[in-house]
Amino acid sequence: MSVHGVSLMATIAILIGTQAGARLLAAASEREAALSAEAFLRRLPVRTLPAPLWVQCDDPAVSGRLTAYLNGLQDEQVRERDARV
């Protein structure tokens with residue numbers, strides 16, 4: 001992929017399963033990946049959480065951090081949902 005002559009390569013892919021199908025997010029940095037996946041998860045109806053997700057990255061530490069962060073975010077959303085019931 002190229003934007004204004006600069007080559008861009010996604011180094012992190014996150015696949016999030018939803019009732020409507022899977023959503024694939026790609027990012028060039030850990031921060032960008034976390035922000036885009038978090039924004040997507042926050043837009044999902046809370047009743048559908050937790051959504052299955054898979055993080056693919058060449059660096060196992062980055063993959064582990066992102067997986068833990070996004071699962072923790074969903075756990076928090078589910079706890080808040082269940083506390084309201």
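In which element is the place of Glu38? In this predicted model, Glu38 belongs to helix 1, and the residue counts as buried because its relative accessible area of 17% falls under the 20% limit set for that term. The side chain of Glu38 makes a polar contact, at 2.4 Å, with the side chain of Tyr69. When residues up to four places away in sequence are left aside, Glu38 touches Tyr69 together with Leu70 and Leu73.

Two of these partners recur around Leu41, which, with residues up to four places away in sequence again not counted, touches Leu70 and Leu73 as well as Ile16, Ala51, Leu53, Gln74 and Gln77. Leu41 is also one of the residues that touch the most other members of the largest nonpolar core, a set of 21 residues in which Ile12, Ile14, Ile16 and Leu66 share that distinction. Two or more residues are given to this core by each of strand 3 (12-18), strand 4 (21-27), helix 1 (30-43), strand 5 (53-57) and helix 2 (60-84). In soluble globular proteins, nonpolar side chains tend to be buried together.

A contrasting case is found at the surface, where Leu15, Leu24 and Trp54 form a nonpolar patch whose accessible area comes to about 330 Å² together. Within this patch, Leu24 is a residue of strand 4, and it is classed as exposed because its relative accessible area of 59% lies over the 50% limit for that class. Strand 4 therefore holds the exposed Leu24 while also being among the elements that give two or more residues to the largest nonpolar core.

Definitions and conventions:
Residues are numbered from 1 along each chain as its sequence is written. This is a predicted model: local features need pLDDT of at least 70, side-chain atom pairs count only at pLDDT 80 or more; totals for chains, interfaces and linings use all residues. Side-chain values use heavy atoms; hydrogens and water are left out. A nonpolar core is a set of buried Ala, Val, Leu, Ile, Met, Phe, Trp, Tyr and Cys residues joined through side-chain atoms within 4.5 Å. Buried means under 20% relative accessible area, exposed over 50%, partly exposed in between (1.4 Å probe, protein chains only). Helices (H or I, at least four residues) and strands (E, at least two) are DSSP runs, numbered from the N terminus. Contact means heavy atoms within 4.5 Å. Patches are made of residues with over 30% relative accessible area and no salt bridge: like charges are joined within 9 Å, nonpolar side chains (Val, Leu, Ile, Met, Phe, Trp, Tyr) within 5 Å. Accessible areas come from the Shrake-Rupley method with a 1.4 Å probe; for residues, only the protein chains shown count as cover. A salt bridge is a side-chain nitrogen of Lys or Arg within 4 Å of a carboxyl oxygen of Asp or Glu. A polar contact is a pair of N or O atoms within 3.5 Å; within protein, one must be able to donate a hydrogen and the other to accept it, and residues adjacent in sequence count only if both atoms are side-chain atoms.
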